[in-house]
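Visitor: I would like to go through this model with you, from the overall fold down to individual residues. Could you show it to me before we begin?

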Amino acid sequence: MIEIVEKRDTSTITNEMRIEFAAVSDNESFARMAAAAFITPLNPTLEELSDVKTAVSEAVTNAIIHGYENRNDMNDKVLMNCLLRGDVLEIEITDRGIGIENTQEAMEPLYTSRPELDRSGMGFAFMEAFMDNLEVHSETGSGTTVRMCKKIGISPWIDSEE
């Protein structure tokens, strides 16, 4: 398979992590903790850690429940890519599932495509509230990428000499 990837400016990237995992609900907590561990060098506040973990949880849950329709097929994968550009965290959660027909509608608070599962329809609203920026790119039949950014951390309380 040939994948065309957007060329990006890598000159400001200070760290990067990519994880691909099975689209099963058990991996949602793994993704949250991996993202939280990734930003620890930035000395995040507890509130910032909680915000990132909540946003990642919502994005991964959406990929599993909506993108792959909660099939628990071990061939369905979720990709989490985390970048640090100085003190700004960028997270992309990508699935290759069914995609979203109407992203504007899907991003409306209380909208859910799976009402039979008692979904609240607040996933995108939470991601938007807890992160500084949210972008959703989706193509029906090809999957969805959720890109979130957040400035993280305060100055370290101990100066490190390099």
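## Questions on the fold, core and loops

Visitor: Let us begin with Asn-62: in which element is its place?

Guide: This is a predicted model, and everything said here refers to that prediction. The place of Asn-62 is in helix 2.

Visitor: Is Asn-62 buried or exposed?

Guide: Leaving aside residues up to four places away in sequence, Asn-62 touches Gly-67, Phe-124 and Met-127. Its relative accessibility is 18%, and the cut-off for burial is under 20%. Asn-62 therefore counts as buried.

Visitor: In what order do the elements of the chain run?

Guide: The chain has four helices and five strands. Read from the N terminus on, these elements run β-α-α-β-β-α-α-β-β.

Visitor: What percentage of the residues of the chain count as buried?

Guide: The chain exposes about 9700 Å², and carbon and sulfur atoms supply 49% of that area. For contacts between residues at least 6 apart in sequence, 67% join residues at least 24 apart. Of the 162 residues of the chain, the portion that counts as buried is 44%.

Visitor: Which element gives the largest share of the largest nonpolar core?

Guide: That core has 36 residues, of which Val-52, Met-80, Leu-89, Ile-91 and Met-148 touch the most other members. Among the elements that give two or more residues to this core are helix 1 (27-38), helix 4 (123-130) and strand 3 (88-95). The largest share, eight residues, comes from helix 2.

Visitor: How many of the residues of helix 2 are buried?

Guide: Helix 2 reaches 30 Å from its first C-alpha to its last, which is close to the 32 Å expected at 1.5 Å a residue. The helix is mostly covered, and of its 22 residues the number buried is 16.

Visitor: What distance separates the C-alpha atoms of Ala-125 and Ala-55?

Guide: Ala-125 is found in helix 4, and its relative accessible area of 18% makes it a buried residue. Along the chain Ala-125 and Ala-55 are 70 residues apart, whereas the separation of their C-alpha atoms is 9.6 Å.

Visitor: Which residue in strand 5 is the bridge partner of Glu-90?

Guide: Strand 3 and strand 5 pair in the antiparallel sense over eight bridges. Strand 5 is mostly covered, with eight of its nine residues buried. Within strand 5, the bridge partner of Glu-90 is Cys-149.

Visitor: Which cysteine, besides Cys-149, does Leu-89 touch?

Guide: Leu-89 is one of the core residues that touch the most other members. Not counting residues up to four places away in sequence, its contacts include Phe-38, Val-52, Met-148 and Cys-149. Cys-149 is buried, at a relative accessible area of 11%, and the other cysteine counts as buried at 0% relative accessibility. Leu-89 also touches Cys-82.

Visitor: How many disulfides does a search of the whole structure find?

Guide: A disulfide would need a pair of cysteine sulfur atoms within 2.5 Å. By that criterion, the number of disulfides found in the whole structure is zero.

Visitor: Which residue in the turn between strand 4 and strand 5 has a positive phi?

Guide: Strand 4 and strand 5 pair in the antiparallel sense over seven bridges, and His-137 stands opposite Thr-145 in strand 5. The two strands form a hairpin with three residues between them. In that turn, the residue with a positive phi, about 85°, is Gly-141.

Visitor: What value does phi take in Glu-69, just after helix 2?

Guide: Most residues other than glycine have a negative phi. Glu-69 lies in the loop between helix 2 and strand 2 and is partly exposed, with a relative accessible area of 41%. Although Glu-69 is not a glycine, its phi is positive, at about 55°.

Visitor: Is Asn-43, which also has a positive phi, buried or partly exposed?

Guide: Asn-43 is found in the loop between helix 1 and helix 2, and its phi is near 55°, a positive value in a residue other than glycine. Its relative accessible area is 24%, whereas burial requires a value under 20%. Asn-43 is therefore partly exposed.

Technical notes:
Residues numbered from 1 in each chain as written. Predicted model: local features only at pLDDT ≥ 70, side-chain atom pairs only at ≥ 80, totals over all residues. Heavy atoms only, no water. Buried < 20%, exposed > 50% of the residue type's maximum accessible area, 1.4 Å probe, protein only. Core = buried A, V, L, I, M, F, W, Y, C linked by side-chain atoms within 4.5 Å. Contact = heavy atoms within 4.5 Å. Areas by Shrake-Rupley, 256 points an atom, 1.4 Å probe, with all protein chains shown as cover. Expected span 1.5 Å × (residues − 1). Pairing = 2+ DSSP bridges.
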